[in-house]
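I am opening a fresh page for this structure. My plan is to start with one pair of residues and work outwards to whole chains.

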Amino acid sequence: MDMTLNAFTLSLLTGLQLGSIYVLIALGLTLIFGTLGVVNFAHGALYLIAIYLAVSINNALGFGLALILVPPILFVIGILLERGLIQRFYNRPHTDQILVTFGLAIVLQELLKWIFGANNIPFAIPSWGNGIIMLHDYLPFLEGFVVYPKWRLILVVVSIVTVAAVFALLHLTRFGLVIRAGMRDAEMLQFMGVNINRRFMIVFGLGAMIAGIAGVFGGPVTQVSPEVGMQLLVPSFLIVVIGGMGSLGGAVLAGILIGMAQSFTAPYIYINTIIIYLITVIILLVRPRGLLGAKGVFE
Amino acid sequence: MNESKVDAPQTFFSCRELNAFYGESYVVQGVSFDIPEGEIVALLGRNGAGKTSTLRAIARASEPGLTSGEIWLNGQALHEMKAFEAARSGVQIVCEDRRIIPGVTVEENLILAQIAEPIGWTLEKIYSHFPKLEERRKQEASSLSGGEQQMLALARALARDVKLLLLDEPYEGLAPVIVQEIERMLREVKSMGITTIIVEQNAVAALKLADHAIIIDSGEIVFTGTAQEVLENQALREEYLAV
């Protein structure tokens, strides 16, 4: 593979940007699986709701309001979804959970198609995020004129900040301690007087809220069309599996890995379309519980 | 939270006609017994007799499911509660396999026990009674030895305002020297007057600690009497306990 330093840097940034979207979606997915044990195939649809809400609010009232409103709205939608539907499937087999959430995802997708139409809706990037970054000004080793879209770099930063916030919440707060403990032994927490189901409901809302953040910043990049949810769900689910079901660190690691793999194989179309599955097979053959999966989870 | 009911029994703790099941099999059948405040009862029986299931039913675990019966603690209807509500009413279970939360430290295990009110011993008091836990407070809890894990499980129960202590196989898998240490701690718990139900394969050890004994077989109570009666009745022990 003959690659210049310029091309390498651009592929690296594209990999990071692709990985950022995957990480934001996979983070919510693995958080929900790790706490509630539910494989939520409707998570892609939550992202879909987020991008449609974001584009509607953005086009009518501006990006600032979209940013303020969409994540909390998704939080509420997540809570309603958990209380209204998902909680009835906690004690059912994973296949039932997959079927019901997958069914819900299709219903939501078709509903959005009915409301907004099947075509892509343009998502205008706010003026402060528009334009390009002159990479050669910051990275002296680059040769000539090398640029990268500013919004895509903003997306990477948002992803890093979100991941850091989630990790801080889980590792630096009492709420996080309860959630981490509940992920390991929810029943024992109840024996200690903790209403763990109420906290897990909040986690479901948080997972949906992260999809909301992803939607606000990812919408202009992934486009706004009804198929986007499913297109992102499959790689995001595989990222959760590769990272280790329920492992947040694993989801971040695997998200970046898959983003990079897709970016670096972009010139080679035949490998590019199968790379994510190839990586999944190899990792699961070598390490069946995923990169950072805990023993006993989903085994 | 459930309030006291007019039909609450006068006894501190009471089980009435408990029936609980796993899947389609009933593991607890018509179990009824009372415990006055401050007494220790040894719940004995062979493997699979329904001892752990009875404790879990009292702690209001989701499994085994309770189909009928009443459980009362100090006038509170535990049978109408979920596990976390029963725990807030004073039920504390020290599980058979200790159920130390992995991935967090010894101290975090204790902090977790004090997230919900009402709480019991402070961390300082726990550490003064269990100095080994203070030495290892920053250590990952699952890396403790079996005996230390048992201490932590017991300390975690005392970190809550415990009114009914359910001990499931506290001596299981421990070396004799560690068993002696746990025995010493349980005698201390007894001196505090905490009402306790102890399930233990080592029947003699449990009986030495207990005031009364209940023998359970195939989910049904087959004997109720004093601990001394069981200790003195070898035929009874051979028939139901095979010790």
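**Entry 1: a pair of strands in chain B.** I began at Gln92(B), which stands opposite Leu165(B) in β7(B). I kept in mind that this is a predicted model. Stepping back to the strands themselves, I found that β6(B), residues 91-94, and β7(B), residues 164-168, are paired parallel through 4 bridges.

Are the faces of β6(B) covered or open? I looked at each side in turn and found both covered. Val91(B) and Ile93(B) are buried on one side, and Gln92(B) and Val94(B) are buried on the other. That fits a general pattern I like to recall: side chains in a regular strand alternate between the two faces of the sheet.

**Entry 2: β3 of chain B.** Next I turned to strand β3(B), residues 40-44. How many of its residues are buried? I got 5 of 5, so I noted the strand as mostly covered. Sorting them by face, I put Ile40(B), Ala42(B) and Leu44(B) on one side, with Val41(B) and Leu43(B) on the other.

Then I asked which strands β3(B) is joined to. One is β8(B), residues 195-199, which runs parallel to β3(B) and shares 4 bridges with it. Within that pairing, Ala42(B) has Ile198(B) as its bridge partner. Another is β9(B), residues 212-217, again parallel and again with 4 bridges. Here I picked out Leu44(B), which lies opposite Ile215(B).

**Entry 3: chain B as a whole.** I counted the elements next: chain B has 10 helices and 10 strands. Its C-alpha atoms fit a box of roughly 45 × 45 × 35 Å along the principal axes. I also checked how the radius of gyration compares with that of a compact globule. For 243 residues the rule gives a value near 18 Å, and chain B has 17 Å, which agrees.

Of those 243 residues, 44% are buried. I looked at contacts with a separation of 6 or more as well, and 69% of them in chain B involve residues 24 or more positions apart.

**Entry 4: chain A as a whole.** Chain A has 11 helices and 2 strands. Reading from the N terminus, I wrote the order down as α-α-α-α-β-α-β-α-α-α-α-α-α. The radius of gyration is 19 Å, close to the 19 Å from the globule rule for 299 residues, so chain A is as compact as a globular protein of that length.

The box for the C-alpha atoms of chain A is roughly 65 × 50 × 35 Å. Buried residues make up 45% of its 299 residues. For contacts at least 6 apart in sequence, I noted that 75% join residues at least 24 apart.

**Entry 5: one helix in chain A.** I gave helix α11(A), residues 269-286, its own note. Its 18 residues reach 26 Å from the first C-alpha to the last, close to the 26 Å expected at 1.5 Å a residue. Where does α11(A) bend? I found the place at Ile275(A), with an angle of about 55 degrees. Why do I describe α11(A) as largely in the open? Of its 18 residues the number buried is 1, so that description follows.

**Entry 6: where the chains meet.** Last, I looked at the contact between the chains, which takes 16 residues from chain A and 20 residues from chain B. On the chain A side I sorted the residues into 8 nonpolar, 3 polar and 5 charged.

Key:
Residues numbered from 1 in each chain as written. Chains lettered and ligands numbered in written order. Predicted model: local features only at pLDDT ≥ 70, side-chain atom pairs only at ≥ 80, totals over all residues. Contact = placed C-beta atoms within 7 Å. Nonpolar A, V, L, I, M, F, W, Y, C, P; charged D, E, K, R; others polar. Rg over C-alpha atoms; globule rule 2.2 N^0.38 Å. Buried ≥ 20, exposed ≤ 12 C-beta atoms within 10 Å, placed from the backbone. Expected span 1.5 Å × (residues − 1). Bend = angle between axes of the 7 residues up to and from the residue. Pairing = 2+ DSSP bridges.
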